[in-house]
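Colleague: Please take one part of this model and go through it closely, step by step. I would like to see how its pieces fit together.

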Amino acid sequence: MKERFPGLRIAALVDSFNFGQMVDAFNRGVDAYLLKEIASDPLLGSLRLVHQGEKVMPTALLEHLAHKRPLIEGEAEIKVELGELLSEREIDTLHCLVMGYPNKVIAYRLDISEATVKVHVKAILRKLMVQNRTQAAIWAVNQGLVLANGRFADAEPGEVVPSEDATPPLVAMAH
């Protein structure tokens with residue numbers, strides 16, 4: 001449908017969160033994956049974001065990511081060396097993508113311009129050979145780069161990490 005109507009935006013309302021189903025939906029062109037239990041104000045906000053071209057995912061995704069198995073000692077040699085693949089700033093940007101931050105928030109958190117964020121995101125997509133921010137975040141999770149506390153497996157103290165008191169964002173990915 002998106003081929004026929006390129007400006008079309010699609011929001012999927014689902015009964016319950018299913019990670020595989022969500023990934024499949026985004027790969028098929030869905031712009032928002034929302035639980036039917038969503039309250040009216042967040043629903044309206046989500047639809048506004050979708051209308052503006054943003055990708056929207058439920059906060060249940062963050063709960064799912066928190067339960068992913070961390071990188072185990074000995075698997076490191078099988079996994080991609082992230083430091084060899086991405087620059088330090090691209091790694092920081094990737095972490096923010098995994099946390100679901102839009103470009104404006106990433107720019108603020110990393111103290112860089114939104115244009116620079118866009119450059120980093122494009123470089124990440126090219127280097128990881130993925131098509132969008134959602135796939136980049138999923139790649140990071142599948143590589144075991146995210147621990148249950150939201151930190152990267154090889155994160156050093158002081159690296160960009162989610163704020164303990166921050167409310168998880170509803171917006172997960174954007175073009």
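Modeller: A residue is called buried here if its relative accessible area is under 20%. The model is a predicted one.

With that cut-off, the buried residues of helix H1, which spans residues 19–27, are Phe 19, Met 22, Val 23, Ala 25 and Phe 26. These residues lie on the same side of H1, because the arc they cover around the axis is only 160°.

Both ends of H1 have a detail to look at. At its start, a side-chain oxygen of Asn 18 comes to within 3.1 Å of the backbone nitrogen of Gly 20. Just after H1, Gly 29 has a positive phi of about 105°.

Next come the strands. In a regular strand, side chains alternate between the two faces of the sheet. Strand S1, residues 11–14, shows such an alternation. Ala 12 and Val 14 point to one face and are buried, whereas Ala 11 and Leu 13 point to the other face and are not buried.

S1 runs parallel to strand S2, residues 32–35, and four bridges join the two strands. Within this pairing, Leu 13 is found opposite Leu 34 of S2. Taken with the helix, the arrangement has a name: S1, H1 and S2 form a β-α-β unit that is right-handed.

One more link belongs to this part. The structure contains one aromatic pair. Its members are Phe 17 and Tyr 33, with ring centres 6.2 Å apart and planes at 85° to each other, so the pair counts as edge-to-face; the cut-off for that label is an angle over 60 degrees. Phe 17 sits in the loop between S1 and H1, while Tyr 33 belongs to strand S2, so the pair ties together parts that are 16 residues apart in sequence.

The two partners can also be compared by burial. Phe 17 has a relative accessible area of 22% and is therefore partly exposed. Tyr 33 counts as buried because its relative accessibility is 1%.

To go back over the part: S1 and S2 are parallel strands joined by four bridges, and H1 completes the right-handed β-α-β unit with them. The buried residues of H1 are on the same side of the helix, and the aromatic pair ties the loop between S1 and H1 to strand S2.

Definitions and conventions: Residues numbered from 1 in each chain as written. Predicted model: local features only at pLDDT ≥ 70, side-chain atom pairs only at ≥ 80, totals over all residues. Heavy atoms only, no water. Buried < 20%, exposed > 50% of the residue type's maximum accessible area, 1.4 Å probe, protein only. Arc of directions from axis to C-beta. Polar contact = N/O pair within 3.5 Å; in protein donor to acceptor, adjacent residues only side chain to side chain. Pairing = 2+ DSSP bridges. Right-handed = clockwise from strand over helix to strand, strands pointing away. Phe/Tyr/Trp six-rings, centres within 6.5 Å; stacked < 30°, edge-to-face > 60°.
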